[in-house]
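Please look over the structure shown below together with its sequence. The report that comes after is meant to be read beside both.

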Amino acid sequence: MNVLRVILGVTVLSALAACATPETRVRNGLMSAGLSEPVSACMADRMVDRLSLGQLNKLNGLGKLKKSNPGDVTFKEFVKQTRSLQDPEIVGVVTSSGLICAVK
């Protein structure tokens, strides 16, 4: 009976994880990269509409910024790391989204 409960629990958790929207994943990724929660939420909303899934995955791979606390990384540092991806469209969307979201 306990094994059945464990299997059921794992299945439910897997289903919930699959329900995360691209915007939620991007927001959480930006926060884990060290950007503040309000800026991350605003930027994620704009970025999912303007970048492809491949480009969003590239951004997710910015290893130098992984596991930072929200608010620890400046926007300037984030843009600097984004440039290392060598994708002008990503840099443009990140820069414009960050500027717009910082002013809000």
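The sections below go from the whole chain to single helices and residues.

## Overall architecture and confidence

This is a predicted model, and its chain is built from six helices and zero strands, so that reading along the sequence gives the pattern α-α-α-α-α-α. Of the 104 residues of the chain, 31% count as buried, while the exposed surface comes to about 6,700 Å², of which carbon and sulfur atoms supply 61%. Among the contacts between residues at least 6 apart in sequence, 58% join residues at least 24 apart.

The mean pLDDT of the chain is 80, with 77% of its residues reaching 70 or more. Among the elements, helix α3 has the highest mean pLDDT, at 93, whereas helix α1, which spans residues 2–18, has the lowest, at 49. Over residues 12–16 the pLDDT stays under 50, and for this stretch the model has zero contacts beyond four places in sequence.

## The nonpolar core

The largest nonpolar core holds 19 residues, and those with the most contacts inside it are Leu30, Met43, Met47, Leu51, Leu59, Phe78 and Val94. Helices α2, α3, α4, α5 and α6 each supply at least two residues of this core.

Met47 gives a closer view of these contacts: when residues up to four places away in sequence are not counted, Met47 touches Val26, Leu30, Leu56, Leu59, Val93, Val94 and Ser97. Ser97, which lies in helix α6, is buried with a relative accessible area of 0%. Leaving aside its neighbours within four places in sequence, Ser97 is in contact with Met43 and Arg46 as well as with Met47.

## The two sides of helix α4

Helix α4 covers residues 53–60, and its buried residues are Gln55, Leu56 and Leu59. These residues lie on the same side of α4 because they cover an arc of only 100° around the axis. The face turned away from this buried side carries the exposed residues Leu53 and Asn57. What covers the buried residues of α4 includes α2 (22–32), α3 (37–50), α5 (75–83) and α6 (88–103).

Leu59, one of the buried residues of α4, is also among the contacts of Thr82. Thr82 has its place in helix α5 and counts as buried because its relative accessibility is 1%, under the 20% limit. Leaving aside neighbours within four places in sequence, Thr82 is in contact with Leu62, Ile90, Val91 and Val94 in addition to Leu59.

## A salt bridge and the loop between α5 and α6

How many salt bridges does the count come to? The count comes to one, and in it the side chains of Asp87 and Lys58 meet at 3.6 Å, N to O. The pair links distant parts of the chain, since Asp87 belongs to the loop between α5 and α6 and Lys58 to helix α4, with their positions 29 residues apart in sequence. The two partners fall into separate accessibility classes: Asp87 is buried, with a relative accessible area of 12%, whereas Lys58 is partly exposed, with a relative accessible area of 39%.

Gln86 lies in the loop between α5 and α6, and at 71% relative accessibility Gln86 counts as exposed. Its backbone deserves a look, as most residues other than glycine have a negative phi. Gln86 has a positive phi of about 55° although it is not a glycine.

## Glu37 and its contacts

Is Glu37, with its place in helix α3, buried or partly exposed? At 39% relative accessibility, Glu37 counts as partly exposed, because this value falls between the limits of 20% and 50%.

Leaving aside neighbours within four places in sequence, Glu37 is in contact with Arg27 and Met31. Glu37 and Arg27 are 10 residues apart in sequence, and their C-alpha atoms are 7.8 Å apart in space.

Technical notes:
Residues numbered from 1 in each chain as written. Heavy atoms only, no water. Buried < 20%, exposed > 50% of the residue type's maximum accessible area, 1.4 Å probe, protein only. Helix = DSSP H or I, 4+ residues; strand = E, 2+ residues; numbered from the N terminus. Arc of directions from axis to C-beta. Contact = heavy atoms within 4.5 Å. Core = buried A, V, L, I, M, F, W, Y, C linked by side-chain atoms within 4.5 Å. Areas by Shrake-Rupley, 256 points an atom, 1.4 Å probe, with all protein chains shown as cover. pLDDT = per-residue confidence, 0-100. Salt bridge = Lys/Arg side-chain N within 4 Å of Asp/Glu carboxyl O.
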